[in-house]
Amino acid sequence: MLREDLTSDWESPHVQRRLAEGAERELGALSELPHPLVAKACEVFGVDEREDLPAKRVKESRVYQLWRIRAGQWRGGVWRDPDTGVRWLLIAGLGKGDHEDHDDVYEIVGRAQGTGEAERWLPTDEDHRLLKAETASRLSTEWELRVQRRVGEALQTVQDGGEASFTIEHPLADRFAAHERTIAAVTMTVTPVREDGYHADEISVDVEPTSRWASSALLWQLQIRVLISISPPEQDWDYDGQTFSNIGEPGSWRQRSEILQRMIADGELGESVPGTHSHYAHRLHLAGKTIEGRGVRGLCGVFFVPGQDHEALPMCPRCNDEFAQLPG
């Protein structure tokens, strides 16, 4: 349906090209594709079935039940999977001649009944795989937004100095026993330092995992989300065990708190900022963590994720100094 029927009115030509190439996985959530009929389907049929808007039956569909949607000249049919409750946009096309034209989408649906063509519209195994991937991505994003919100609340409390703590639960916490739901406890501390020749607001973040999730990839994802919510450049953070530290100019955490509050209000997820220097790190540390996307500690003490092309970046001066002092 996406490839063959929605042939125009896309807000971006990029989407239509990717669909023509069969590269749906590169487009993100299919339910968020920028087409008026897709948007209308999501408006009428939401995540919670109890909140669906009223819709009429597609009377031309006799093999299975379809519900009508309309967006401008576009018409579509939504099917509810009786086994999972998931709603699928199965048919799409133009409404023509008050639905009496030979090329009207509902006339086409009517002619397809009993020919085997209508059954071909049902979701395939690949569709179900895409749905599973989209669902996982959506749950992950919603969880990271919750983490970002908790960080924002804590930072707002300690932006001028102080300590705040909170816990983060698994994104699917209700599937676990109560004692397994918490991934980690997070403690954030801001210490204003006002000394002769040195004025700064130092911040430390301690992430104390529970035993159930101590070595999980989810813990790593949590750490990264907490850090980039506070200060996006990953290489600005020093790392010691489960404690991360950073230094800002006086008032900088208040400024970041204001930015973070706007992002939270807009439902915008913060993004990491790539590093600006290449660092020396132990070869054994780099091997697996580059693949896994995990962080390592450079000789200078900085914490970073070894994902960039290090040869394209200038060498960190502090790492150079530390390396020069190592025994030959």
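Axes here are lines fitted to C-alpha atoms, for helices over the stretch in contact, and angles run from 0 to 180 degrees between N-to-C directions. Helices (H or I, at least four residues) and strands (E, at least two) are DSSP runs, numbered from the N terminus.

This is a predicted model: local features need pLDDT of at least 70, side-chain atom pairs count only at pLDDT 80 or more, and totals for chains, interfaces and linings use all residues. Residues are numbered from 1 along each chain as its sequence is written, and side-chain values use heavy atoms, with hydrogens and water left out.

Helix pair to begin. Helix α4 (residues 125–158) packs with helix α6 (residues 252–266) at about 145 degrees, axes 9 Å apart. Their crossing is left-handed: the near helix is turned anticlockwise from the far one by less than a right angle. Who meets whom? Contact means heavy atoms within 4.5 Å. From α4 come Q148, R149, V151, G152, E153, L155 and Q156; from α6, W253, R256, S257, L260, Q261, M263 and I264. The split is 6 nonpolar, 5 polar and 3 charged. Ala, Val, Leu, Ile, Met, Phe, Trp, Tyr, Cys and Pro count as nonpolar, Asp, Glu, Lys and Arg as charged, the others, Gly among them, as polar.

Now the sheet. It is open, with 3 strands in the order β1-β2-β3, paired antiparallel. Pairing takes at least two DSSP bridges between two strands. β1 (67–71) and β3 (87–94) are the edges. Twist averages 25 degrees from one strand to the next. β2 (residues 74–80) and β3 share 7 bridges. W79 stands opposite W88 in β3.

Helix α2 (residues 36–44) packs on this sheet, touching β1, β2 and β3, at about 130 degrees to the direction of β1. Helix α3 (residues 105–112) also touches β1, β2 and β3, at about 115 degrees to β3.
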